[in-house]
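Subject: Structure for you, with notes

Hello,

Here is the structure I promised to pass on. Please open it alongside this email; my notes follow below.

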Amino acid sequence: MFIPLHDAVELKYIRVQYVTIGLIALDVLVWLFTTLTSPDVAEHTSLGLGFIPAVIFGYAVLDPSLAIVPDDATFITYSFLHLDFWHLASNMLFLWVFGDNVEDALGHIKFLIFYLICAAAGAALHGFVGPSSEGPLIGASGAISGVVAAYFLLHPRVRVWVLVLFRIPLPLPAFIPLTLWIVQQFAMLALDLDGMVSWGAHVGGIIAGGILVIFMRRKGVPLFDRTIVTPKAVRTEPAANAAIAVAEPGSNPR
């Protein structure tokens with residue numbers, strides 16, 4: 001429907017979005033490793049680190065020789081794997097455009113925790129929708145859906161440059177493309193249960209991100225682009241009555 005290109009929200013609390021950059025770097029490195037090695041290694045990695053609902057819910061057992069991490073760890077590890085370059089590129093572009101401002105609003109450590117919880121929530125809903133599925137879920141979409149939901153609540157009125165229908169660049173208030181995108185995820189979850197895209201993971205991430213940002217954002221960070229108005233200092237202009245003087249801060253009037 002649209003591809004985000006750039007937003008105009010400046011960072012207020014952090015200088016550099018270290019966690020966002022680190023997550024992108026880790027995703028790229030993992031993808032390069034699985035791509036540049038043999039297809040057998042890529043398949044082994046997707047089975048060993050991907051989230052397999054049938055294994056989690058006891059409908060199937062993964063061959064011990066394929067296991068890389070404990071089954072419960074795959075609620076998170078799946079989010080660092082990607083199928084191909086375009087799968088990786090689209091997810092990382094969303095994370096790059098929207099992740100820095102969510103990280104700014106939460107702080108580095110809280111943002112990392114937020115991201116991982118959204119990934120786990122995406123896996124959980126994916127598993128709930130198809131608990132007997134034996135195909136491994138991979139991709140950062142669940143976590144990034146949480147980031148998009150948080151951004152939507154924080155900055156709905158900010159203008160975001162988006163590429164509409166892959167060819168038309170437009171500056172739009174964020175709530176327009178993000179509302180359409182969020183509605184699409186819920187609609188596709190209801191209509192496309194057997195598709196190749198895990199809409200359940202997207203919706204799980206959206207729900208988690210929308211709830212978590214309310215409680216995890218820094219104290220004083222507003223929702224919905226509401227600005228915090230600080231009362232101006234009282235002006236110390238000369239009084240109309242010359243007999244009345246205005247004391248400067250720290251002075252000792254007599």
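Which residue in the turn between strand 2 and strand 3 has a positive phi? It is Leu165, with a phi of about 55°. Strand 2 and strand 3 form a hairpin there, with three residues between them. Bear in mind throughout that this is a predicted model.

The sheet

The hairpin belongs to an open sheet of three strands. Their order is 1-2-3, and the pairing is antiparallel. Strand 1 (2–7) and strand 3 (168–173) stand at the edges. Each has a single partner strand, so one side of each is left without a neighbour in the sheet. From one strand to the next, the twist averages 30°.

Strand 1 pairs with strand 2 (residues 159–164) over five bridges, in the antiparallel sense. To find the register, start at Pro4: its bridge partner in strand 2 is Val162. Ile3 stands opposite Leu163 in strand 2. On the other side of the hairpin, strand 2 and strand 3 pair over six bridges, again in the antiparallel sense. There, Trp161 stands opposite Pro171 in strand 3. As for the pairing itself, strands of a sheet pair through backbone hydrogen bonds, either parallel or antiparallel.

Helix 5 and its contacts

Helix 5 (residues 85–106) packs on the sheet. It touches strand 1 and strand 2. The direction of helix 5 makes about 40° with that of strand 1.

Helix 5 also meets helix 6 (residues 108–129). Their axes come within 7 Å and cross at roughly 125°. The two helices are therefore oblique to each other. Their crossing is right-handed. On the helix 5 side, the residues are Leu95, Gly99, Val102, Glu103 and Leu106. They meet His108, Lys110, Phe111, Phe114 and Tyr115 in helix 6.

Now look at Gln17. It sits in the loop between strand 1 and helix 1 (18–36). Is Gln17 buried or exposed? Gln17 has a relative accessible area of 10%, so it counts as buried. Leaving aside its neighbours within four places in sequence, Gln17 is in contact with Leu11, Trp96, Asp100 and Glu103.

Helix 9 and helix 7

Helix 9 (residues 199–216) has 18 residues. From its first C-alpha to its last it reaches 25 Å, close to the 26 Å expected at 1.5 Å a residue. Helix 9 is mostly covered, with 14 of its 18 residues buried.

One partner of helix 9 is helix 7 (residues 141–154). The axes come within 7 Å and cross at roughly 40°. That makes helix 7 oblique to helix 9. This crossing is right-handed. Helix 7 brings Ser141, Gly142, Ser145, Gly146, Ala149, Ala150, Leu153 and Leu154. In helix 9 they meet Ala201, His202, Gly205, Ile206, Gly209, Gly210, Val213 and Ile214. A reminder helps in reading such lists. An α-helix has 3.6 residues a turn, so residues three or four places apart point the same way.

After helix 9

One more residue to check is Phe224, in the segment after helix 9. Its phi is near 60°, a positive value in a residue other than glycine. Most residues other than glycine have a negative phi. Phe224 counts as partly exposed, at 41% relative accessibility.

Best wishes

Note on methods: Residues are numbered from 1 along each chain as its sequence is written. This is a predicted model: local features need pLDDT of at least 70, side-chain atom pairs count only at pLDDT 80 or more; totals for chains, interfaces and linings use all residues. Side-chain values use heavy atoms; hydrogens and water are left out. Helices (H or I, at least four residues) and strands (E, at least two) are DSSP runs, numbered from the N terminus. The expected span of a helix is 1.5 Å times one less than its number of residues. Buried means under 20% relative accessible area, exposed over 50%, partly exposed in between (1.4 Å probe, protein chains only). Two strands pair if DSSP finds at least two bridges between them. Axes are lines fitted to C-alpha atoms, for helices over the stretch in contact, and angles run from 0 to 180 degrees between N-to-C directions. Contact means heavy atoms within 4.5 Å. Angles under 35 degrees count as roughly parallel, over 145 as roughly antiparallel, 65 to 115 as roughly perpendicular and the rest as oblique. A crossing is left-handed if the near helix is turned anticlockwise from the far one by less than a right angle, and right-handed if clockwise.
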